[in-house]
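Colleague: I am new to this structure and would be grateful for guidance on how to read it. May we begin with the chain as a whole and then turn to its sheet?

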Amino acid sequence: MRICAERAYGAHGGELLAASENALRTLEAAPLEADAAGLAILACLGTENGYKIDISRIREEGHAVGASPLPHRSMIAAPLWFGPAVAGSVALVAADSQMKRPATRARYVNAVMDTAAAMSGQLTRAGARRAG
């Protein structure tokens, strides 16, 4: 189970907050296999049994991309590290229309991975880990 500890809303935060109560609850807490934020964590735990998602691919790429519980939104997530242990993930929720553009999607993935690396560096004070 993953639980959202912090969140920040951008210019379209009002649209996100207008989603159904159930969707918002699912965004706040969900099983690891439910969305990209959880899959980024799950891929680092080394367990692959019984999941329909290719966990090894997520592990190799260093991030997960998938549907969001919010309508017409996708989620990109990368793991946060505390030394050698996965401590959580950082995620970005973006409009599906934006994610269809390859350049925009790549820019968002890079931003999420860079943010996760910087936050991991702060957590460990020994440098960031990033899939290369």
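**Reading the chain and its sheet**

Modeller: For a chain of 132 residues, a compact globule would have a radius of gyration near 14 Å; this chain has 14 Å, so the two agree. Please bear in mind that the model is predicted. Along the principal axes, the C-alpha atoms fill a box of roughly 40 × 30 × 30 Å.

Colleague: What share of the residues is buried, and how much area does the chain expose?

Modeller: Buried residues account for 36% of the 132 in the chain. The exposed area is about 7,900 Å², and carbon and sulfur atoms supply 55% of that area. As for contacts between residues at least 6 apart in sequence, 49% of them join residues at least 24 apart.

Colleague: Which helices and strands should I expect along the sequence?

Modeller: The chain has 6 helices and 5 strands. Their order along the sequence is β-α-α-β-α-α-β-β-β-α-α.

Colleague: How should one read a sheet, and in what order do the strands stand here?

Modeller: In general, strands of a sheet pair through backbone hydrogen bonds, either parallel or antiparallel. Here, 3 strands form an open sheet in the order β3-β4-β5, with antiparallel pairing. Strands β3 (64-67) and β5 are at the edges with a single partner strand each, so one side of each has no neighbour in the sheet. On average, neighbouring strands of this sheet are turned by 30° against each other, direction ignored.

Colleague: What packs on the sheet?

Modeller: Helix α6, residues 102-124, packs on the sheet and touches β3, β4 and β5. The direction of helix α6 makes about 25° with that of β4.

Colleague: How many bridges join β4 to β5, and which residues are partners?

Modeller: Strand β4 (residues 73-82) and strand β5 (residues 85-95) run antiparallel and are joined by 10 bridges. Among the partners, Ile76 is bridged to Leu92 in β5, and Ala77 is bridged to Ala91 in β5. As a general guide to such a view, side chains in a regular strand alternate between the two faces of the sheet.

Colleague: Which residue takes a positive phi in the hairpin of β4 and β5?

Modeller: That residue is Gly83, with a positive phi near 65°. The hairpin has 2 residues between the strands β4 and β5.

Note on methods
Residues numbered from 1 in each chain as written. Predicted model: local features only at pLDDT ≥ 70, side-chain atom pairs only at ≥ 80, totals over all residues. Heavy atoms only, no water. Pairing = 2+ DSSP bridges. Helix = DSSP H or I, 4+ residues; strand = E, 2+ residues; numbered from the N terminus. Axes fitted to C-alpha atoms, helices over the stretch in contact; angles between N-to-C directions. Contact = heavy atoms within 4.5 Å. Rg over C-alpha atoms; globule rule 2.2 N^0.38 Å. Buried < 20%, exposed > 50% of the residue type's maximum accessible area, 1.4 Å probe, protein only. Areas by Shrake-Rupley, 256 points an atom, 1.4 Å probe, with all protein chains shown as cover.
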